Amino acid sequence: MLDHWSKILTRDCKVIDVGDYTVYPIHRVGYTSLMSVADNIYTNTQIASLTHIDVLIRDPEDRFVSGVNEYCRQNDLDVLEVYKKIRKDELVNSHFAPQFIWLMNLYRFYKGEITIRPFSFIANITQEHRRKGEPFLDLEPIKKFTEVDASIIKNTTVRRRFHIKDIIKEYKHVLS
């Protein structure tokens, strides 16, 4: 299954400073809002010098549904047709790919400590909310897109610091 994620795993990686926080923005987890208030942006090899990064994690089922809808909105596509392609393994996109895939992309450039925070923590970072209240079609989340993130949320103590390599090592098997 990791082959499906290669487009996401080879994209540029960005980490931002917002006030006192250094944050790894993930699509459909406040990405647009966070990027709009970024004080500084680190890209790819610049990330290696950072000492700590906060990572916001959103409920994976909510994020999947929101991500599919956002992908369709941006590309002017029918949600149900796209959903069928996703179910058939014909389509993956960063808006609905597991957040763990995003962590794997971060790990390409950063080997230090991260703190996993709930999505609600974004209120501590910014009051900006760029995509609030956009309508979307409700869908049944697809397990292979949500299970690894659900495992991370269930089995990690949110707000605890981790070495990113430990999370990658522990959860990589869920995607196979």
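User: Which residues form one aromatic cluster with F64?

Analyst: Y71, F96 and F145 join F64 in one aromatic cluster. Keep in mind that this is a predicted model, where local features need pLDDT of at least 70, side-chain atom pairs count only at pLDDT 80 or more, and totals for chains, interfaces and linings use all residues. Residues are numbered from 1 along each chain as its sequence is written, and side-chain values use heavy atoms, with hydrogens and water left out.

User: How many aromatic pairs does the structure hold?

Analyst: Seven. Phe, Tyr and Trp rings (the six-membered one for Trp) pair if their centres lie within 6.5 Å; planes under 30 degrees apart are stacked, over 60 edge-to-face, and the rest tilted. F64 and F96 make an edge-to-face pair, 6.0 Å centre to centre with 80° between the planes.

User: What does that pair tie together?

Analyst: F64 is in helix α3 (residues 60-75) and F96 in the loop between α4 (79-87) and α5 (99-107), so the pair links parts that are 32 residues apart in sequence. Helices here are DSSP runs of H or I, at least four residues, and strands are E runs of at least two, numbered from the N terminus.

User: Is F64 buried or exposed?

Analyst: Buried, with a relative accessible area of 1%. Buried means under 20%, exposed over 50%, and partly exposed in between (1.4 Å probe, protein chains only).

User: New topic: how many residues of strand β4 are buried?

Analyst: Six of its six, across residues 52-57. H52, D54 and L56 point one way, while I53, V55 and I57 point the other.
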